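Biologist: Could you take me through the surroundings of the ligand in this model? I would love a close look at that one part.

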Amino acid sequence: MPSPTARPTRTPSGAALVVDGLVKRYGGRAVVDGLALSARAGQVTAVLGPNGAGKTTTIECCEGLRAPDGGTVRVLGLDPHADAAALRPRVGVMLQDGGLPSGARALEVLRHVAAMYARPRNVGELVERLGLGSFARTPVRRLSGGQRQRLALACAVVGRPELVFLDEPSAGMDPQSRHAVWDLVRELRADGVAVVLTTHLLDEAEALADLVHVVDHGKVIASGAVPDLLARSADAGAEVTVRFTAPPGFDVAHVGAWLAERGVSDPAVTVGRRTLEDVFLDLTGRHLR
Ligand SMILES: Nc1ncnc2c1ncn2[C@@H]1O[C@H](COP(=O)(O)OP(=O)(O)OP(=O)(O)O)[C@@H](O)[C@H]1O
């Protein structure tokens, strides 16, 4: 049973998570190879990288699920292995495969997890927020992928964690669910929670992240806020988007001709009104399934 008196512990730098020189080997191969990153309270930190880059391995070392072969990990100033019991009530975890008991019904699982905490969130409110009501009595093994993700997210946050790890939180979700997840992540940040997420959805990282770490071959190859990372690559030439509402009869070919006259090679002028996501949400509504 988590202690009701658990208090935030911050490292001197104020970071909620500090990973330094992390090494993890499998069969002699370092899949995480001297990786360093950090995350702060009240911020969303996104860990990006191609398949097999070492993101999940890193996050699982931070969660105390895998033992590192080298380097240090400090979670709320504590060691995820040695201090696992002290960290359990303070850290929320949403695993990529859900990690939920397959035979239990969805709402039973959430109520059970909530009961393990001293000051859980209101379960009914969370059910409403994440649209869990329509499958509350469905066994976990019968849930769709997106429903299981939403249940796993609810379980990760129901205990009011100070730090939450979300491994690809909106993978496989419909746009309605993704927006609900994003709203919840923003609320956690506003409440001062340190949110650490991995994602392959770069629009998700752009929409949510205060800090981005890009991982490849087991190392962080770039870190910074999204505008900083974009500014660093500005010399490569920027793609400029201009939006305007064309009056009736306007010939967009003039825009391409005007750009070509000014030395812009192969300008691509496209006419579009709304994104497919806008149309999809209009057609299917915003309510969660
Ligand atoms: N238990 C294990 N035994 C052997 N190799 C492993 C093990 N776990 C992970 N690996 C390997 O470690 C590498 C990193 O895997 P990891 O799951 O951390 O990548 P990832 O960045 O999260 O990828 P993805 O985006 O596909 O989820 C991969 O090459 C993977 O095959």
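Modeller: Happy to; here is the ligand site, followed by a little on the chain around it. Please keep in mind that this is a predicted model, where local features need pLDDT of at least 70, side-chain atom pairs count only at pLDDT 80 or more, and totals for chains, interfaces and linings use all residues. Residues are numbered from 1 along each chain as its sequence is written, and side-chain values use heavy atoms, with hydrogens and water left out.

The shell around the ligand holds 15 residues, of which Gly 52, Lys 55, Thr 56, Thr 57 and His 200 come nearest; a residue is near if one of its heavy atoms lies within 4 Å. By class, four are nonpolar, seven polar and four charged (Ala, Val, Leu, Ile, Met, Phe, Trp, Tyr, Cys and Pro are nonpolar, Asp, Glu, Lys and Arg charged, and the others, Gly among them, polar).

Now for the polar contacts, which are pairs of N or O atoms within 3.5 Å. The side chain of Thr 56 places an N or O atom 2.7 Å from a ligand oxygen, while a polar backbone atom of Gly 54 is 2.9 Å from an oxygen atom of the ligand. Arg 66 has a polar side-chain atom 3.1 Å from a ligand nitrogen. Taken alone, the ligand exposes 640 Å², and the protein buries 65% of that (Shrake-Rupley method, 1.4 Å probe).

Strand S2 (29-40) and helix H1 (55-62) each give two or more residues to the shell, and H1 gives the most, with three. Helices here are DSSP runs of H or I with at least four residues, and strands are E runs of at least two, numbered from the N terminus. The protein chain as a whole has 10 helices and nine strands.

Terms used. A polar contact is a pair of N or O atoms within 3.5 Å; within protein, one must be able to donate a hydrogen and the other to accept it, and residues adjacent in sequence count only if both atoms are side-chain atoms.
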